[in-house]
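Student: Could you take a close look at one part of this model with me? I would like to go through it slowly.

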Amino acid sequence: TMERFGIGALRGSSSEDGAGVLRDMVRTLKSGASICLAPDGPRGPRMRASPGVVSAARLAGVPVIPLAVSLTRRRMLASWDRFLVPLPFSRGVFVWGEPIHVPRDADAATCDAILARIEAEITAVTNTADQMTGHDPLEPGPALAASVSHKP
């Protein structure tokens, strides 16, 4: 479906070839293209950002723009991420926040703080989108202790 709309895909998994996927993301971003990814990864917890988001933005020198979508008519699956399936005749909204910049020389503590900010902003825009479509906000999954690995 994405290819029919002229949208490419980077294939890979953080659990199988995380370094290779990160290299592909950085290369794509440096070429001037934009990428969209689910920052909570393939396993969650939901609405909790993974450190790869900060690493890719730092290495490519691009900002992170928090973005959420919600639908007026939807089916929310009982999966870990509460995946939304649009129902016929649904209307939707996209809500985005201010760009979040990651300095290229950011140390581990700074990267951890930026990761927490990204997570908070994603939660905020998600809550706004849900409220705009008449739904109660969804609570994020339980936080994991994670640190951004920093390599200068």
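Student: Which residue forms a salt bridge with Asp130, and how far apart are the closest N and O atoms?

Tutor: Happy to help, and please keep in mind that this is a predicted model. The partner of Asp130 is Arg74, and the closest N and O atoms of this salt bridge are 3.1 Å apart. The two residues come from distant parts of the chain: Asp130 sits in helix H3 and Arg74 in strand E2 (residues 74-76), with their positions 56 residues apart. As a general idea, side chains of opposite charge can pair when their charged atoms come close.

Now look at the surroundings. Helix H3, where you find Asp130, covers residues 108-132. Asp130 has a relative accessible area of 4%, so it counts as buried. Arg74 is buried too, because its relative accessible area is 16% and the cut-off for buried is under 20%. Leaving aside residues up to four places away in sequence, Asp130 touches Ser70, Arg74, His135, Asp136, Pro137 and Leu138.

It helps to set this pair beside another one, as the count comes to two salt bridges. Asp24 and Arg27 also meet through their side chains, at 2.9 Å from N to O. Here both residues belong to helix H1 (residues 14-30) and lie three residues apart, about one turn of the helix. Asp24 is partly exposed, at 27% relative accessibility, while Arg27 is exposed, at 52%.

Definitions and conventions
Residues are numbered from 1 along each chain as its sequence is written. This is a predicted model: local features need pLDDT of at least 70, side-chain atom pairs count only at pLDDT 80 or more; totals for chains, interfaces and linings use all residues. Side-chain values use heavy atoms; hydrogens and water are left out. Helices (H or I, at least four residues) and strands (E, at least two) are DSSP runs, numbered from the N terminus. Contact means heavy atoms within 4.5 Å. A salt bridge is a side-chain nitrogen of Lys or Arg within 4 Å of a carboxyl oxygen of Asp or Glu. Buried means under 20% relative accessible area, exposed over 50%, partly exposed in between (1.4 Å probe, protein chains only).
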